[in-house]
Every structure is written in C-alpha cells, then in structure tokens.
Amino acid sequence: MESLIIVMICFPFLSALLLSIFKNNTARQIITYISSISVIGMAITFAVKYFTSGSTQLSFFTDTKIVDYGMMGIEAFLMVLVTVLSFKYKQYYAALLSIAQTALIFWFELGGRAPHLEISKMYVDQLTVIMVLIIAIVGTLITVYACGYMKDYHNHHKEFTDRRRYFFSLLYVFLGAMLGLVLSNSLIWIYFFWEITSVVSFLLIGYTRTKEAIHNCFRALWMNLLGGCGFAVAIVLAGIQFNVTDIQSLILCNGNIVVIPVILLSFAALTKSAQLPFSKWLLGAMVAPTPSSALLHSATMVKAGVYLLLRLSPALAGTYAGTMVSLIGGFTFLVMSMLAITVSDGKKVLAYSTISNLGLITACAGIGVEETVWAGIFLLIFHAVSKSLLFQTVGAIENATGSRDIETMHGLVRRHPYLAWTLVIGIAGMFLAPFGMLVSKWAALKAFIDSGSIILILCVCFGSATTLFYWMKWIATVLASKNNDIKAKNTTSANQWVSILVHSALMISLCFIFPLISKRVIIPFIHTVFNNAYEVISDDNVIIMMIMIIAIFAIPGIAWLFAKHTKYRKVDRYINGVNAGDQMNYIDSMGEKKRFFLANWYMENIFGEKKLWEPSVIISILMIVAFMVISIGGVR
C-alpha cells in the first residue's frame, strides 16, 4: 500500500512534466488518456486494497527527513515565484503574505521549535478513499474533456496565446497536490500541498493574461494566501503549545483546549472553499477556460476546504469555532442561492451554486454531529460529479452556440438534444429526488432542527426554496422549444463526449448505489470518528427512493410514447394582440408587427449583487472577528 500511495501521488507530477514537453496535440491527447486511465486504475486499486485489508485506519511513513527538506525547497520556489509575479504586476500584498507564511514555517521547522515526534505522515480511512476516488475519476475526466475543449477554445479565441502545454501541466500538478493533501496526516505536509493548490489555481485563473484575468487571479491568490497564513500560525501554535503536529492528534484533543489552532484552520478552510467574505475569488475564476473552472469547482481546490472542515468536525462540535463555521456556511448558502437567481450567465449561476452548496457542507461540518457529517460527505460526493458535468456541458454549449447565456438556451432540447439532456441530468442531480443532494439536504435540515439552531434552519429552508427557483427556471428554458427550432450540427468533440457521458452515467449510478455507499463506507467512518453511528436512511426510505428512480425514467418514457402517436390541434399563440399567422409574430393594439420572445425574470433590482454583496461581506466579517475574539478571550 505504501508504494502505491507514493506512485499515486507522484504520477500526476510526472504526467505534468511530460505534458510540458510535448507540443503536438496528438501526443498530448495520448499522454492525457494514458495518465487518466493510470490514475483512475491506481485509485480503484487503492480503494480495493483498503477495503480488503480489514482495517479502518491505516498509517504510513514516520522517518521522512529527506522528503521534508525537499518540500521546503519547493515551498521556497513557490514563494520566489509568487514574489516575482507580484512585483511584475505590482501586487505587492500577495508577495508579503507569501513571504510571511513561508518564513514562519521555516522558522518553526529549522529553528528547533517543532517538536520531534514519531508521527505517521500519511493516514487513510474511508473519507480519504472517497476523496481519492473523486479526485482521480472526476479530475482526470476533466483533463480528457480539456483535450477537445482547449482545441475549440483556441480556434474561437485567436486573441489568446496558445499555451496548452502549460495549461495541461498545471491541471496534473493540481491533481497530484490534491491527492497528496487528502492522504496526508502531518499538518506541515497538508500545508505544503495546500499551498501548491493555491499557487496553481492562481496560475490557471490568469491563463489568458488579460487585464481581467490578472486582476481575478491575484484576488484569488491573496485570499488563499491569507488563509495559508492562518494555517501556518495554527501549525506553529499547535506544535509549540500543545505538542501536536498531525491532524489526527489535533482532533483527539479536547476541542475547547485547542480552540485557537482549530479556529485558524477553519479560517483557512473558509478562504479555500470561497465562503463569505472570501467568495469573490471563485466567482472571478470564471475568466479561466471551462476545464479549469470545472476542476476548481468540483474535484479540487474548493473541496480541499470542506474536506479539512469535515476532518475537523469532531473538534468543532459544540465550540465557538464550530458555531462560527456553521453560521458562516448557512449564511453563505442562503445569500449565494439568492444571487444565483439574478444572473443569466450559465457559468456564473454554476459558480454561485457551487459556493452555496459548499456553504451547506460547511454548516454541516460546523455542527459536527453524526447526522450532519453523513449529510456533508454525501453533499460533497454528489456535488463533485454533478458540478463537473454541468461545467463541462455548459462549456460544450458555449462552443456549439457561441454563448453560455441561459436566455440563448431556449429550444436547446431541439437544437442540441444530447447536450440539453446531459445538462438536465446535471441539474437534476443538484436538487431533485432521488438524487443524493436532496436527500443530504433533508438529513442536514433534520440535524439542524435537532441542534436547535433557528438561524441555520431558516437559512436552509429559504436557501433551498431559492435553489429550486433558479434550477427549475434553467430546466424550463432548455426544454422549451418552438416549431422552427432545428437540430444543429454536433460540434462537440469525442474527447468532450467521453467525459460528459461518463459523468452522466456516474450521476445516474449514484442514485442506485448511494444507499450501499452509506451502509458500507460512510456509516463505518462515522462510527470510527464518533464511536457511535446509526442508519440515517431507513430501509423503507431506500425502497421509496428506488420506486422514485424507476418513476423518474419510466413516466417521461411512457409520456413520450403517447405523445409520439397523438395528434394535437395547433392553436395560434396569443400575446395581447392578433397572431400574425407565423407563430413568431403578432399585431399589437397599434397595428404594428412585433416578434414573440421568451425571457426569464431575474429580480436583479430586488436582491442582485449590488443590493446584497456589501452587506453580506460586512456581516460575515463581523461574525468571524466576533467569534475569534470570543474564542481567544475564552482561552485566556
């Protein structure tokens, strides 16, 4: 198992090196396919070995001085890189944050302050296996999708320099860093991989090097580096004050004793998962090509933040840190769900939805009881697959139609039927029963009610209602069609279809197997962490969901068969005037010919970004500051 872990982490970095060398598109595709199949194969082998080992917890590597020094060398390189680019673009604050946190970690490690403990640098349990499979399967499929997408992207955007070698290399560095992060137990190792993801996301967002891209990538960088500083301070405090240098030992400590390191780690996780007031960086990531957006939003980066919070959930339960995390998460869920209603840009809707759902996972981790952790893990799984599918489909639609605006998607079901239905599958996975997102929300709401948190209950209820609104609006737009909608030529490449169709199959398959995942993976994990676990979903509920799964596919099929052989009387459309006879125009009361059009209501003037953003940021900052002050005061 040790050898497999080493190879699994190092292999993506080797793939990144090869991809940076070969300029030929065919060679790049071959390397990408081989790398993807290899990473997925290793991840599945890793999962099988874990579940057949008979152990619930596995620990590896204690004496790793050479590796530690190598990591410090890479950290120094990343600091220099960030500093040089910060001075080049006159963003000096980013350089200051990078130097500060790197200097603090070096002082801790080289200055004799770090306790010399024999700890396991890596740790494997059920949550680790889940994360490895998400990163390996979803992440590498996105790189396959990128082979076709980036070719179309540069065909449509001649104004941007073709730097695909650089782009694909960064994707695989990202995957390697994420695998290292979720497999690590040492806080210093987690921090090392954490910072790689921050720097790589900065480079991906700035890929096009436009003025907007530079502005947005530096905003992402300084927000994540701010969290990195919190992470570095937490490591130093945990090591010096509590003689703790690994996350498992930190969790086993009394949460009220180690509250300051835990609250600092939680702060770092909030920045990484783009929770208020740090949400702007993830919205700004939309300037990057779709594969990087899909990777940031689904399998990597933001998942690192909620993964850390789920790890810390036992230490968060019943503490000020947990209260802060849960309230920030619930508030973010509500605000971002409301803002998603007010935009028509498909990728921006997906971005708001991502932040919103990460907020719900964050709230679950903050409460830190068995039921909320169960819900949080399932939200993480379903969100990773669904959001990756949605980003890829919207990217393919943009390449096919020249727009990602929802208002241009009227009649998409006739013009691009396959893309329309994969989009519907992705959207259904986000909010419809029996897909796990809805079931997880139900479990979270029940746990919030049991906890007596009125604020969280209101946030989840109203946030879920607004979620229903913007998803149904999008589905209705896609499925609405006119008589003159004609099927368009398929311009989506085979590479893109491979990833999109596999994601669609995974989304549907999860509906059938998630009760099994709950019973065999999640419940044992919860039992190990909390020494207590129970079935969140009863057998009766499983039967009901199976019936719903059958119905959700059978009823539309039966309706289609009846509709296919039924003749309907055509009726002229009427919009406060006389139909012009072509079903596309009407004569108004002044005798003028006007064209029909369909449009959604976005309510931007009621609660758009201009209305909600600044108050939300101020409220969230006040909450974080207040809870940090209360926590520090309580320790004293």
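**Close-up 1. Lys 280 places its charged end over the ring of Trp 613.** The charged end lies 4.8 Å from the centre of that ring. The model shown here and in the other views is predicted.

**Close-up 2. Tyr 153 and Phe 160 form a stacked aromatic pair.** The structure holds 21 aromatic pairs. In the one formed by Tyr 153 and Phe 160, the centres are 6.1 Å apart. The planes meet at 20 degrees, and the pair is stacked because planes under 30 degrees apart count as such. Both residues are buried: Tyr 153 has a relative accessible area of 7%, and Phe 160 has one of 18%. The value for Phe 160 is 18%, so this residue falls under the 20% cut-off for buried.

**Close-up 3. Tyr 145, Tyr 149, Tyr 153 and Phe 160 make up a cluster.** Ring pairs link these residues. The stacked pair of Tyr 153 and Phe 160 also appears in this view.

**Close-up 4. Phe 167 and Tyr 207 pair edge-to-face.** Their ring centres are 5.1 Å apart. The planes stand at 65 degrees, so the pair counts as edge-to-face. This contact links distant parts of the chain, with the two positions 40 residues apart in numbering. Phe 167 belongs to helix α6, residues 164–183. Tyr 207 lies in the loop between α7 (187–205) and α8 (211–242). Phe 167 is buried, at 0% relative accessibility. Tyr 207 is buried too, at 2%.

Notes:
Residues numbered from 1 in each chain as written. Predicted model: local features only at pLDDT ≥ 70, side-chain atom pairs only at ≥ 80, totals over all residues. Heavy atoms only, no water. Phe/Tyr/Trp six-rings, centres within 6.5 Å; stacked < 30°, edge-to-face > 60°. Buried < 20%, exposed > 50% of the residue type's maximum accessible area, 1.4 Å probe, protein only. Helix = DSSP H or I, 4+ residues; strand = E, 2+ residues; numbered from the N terminus. Lys NZ or Arg CZ within 6 Å of the ring centre and 35° of its normal.
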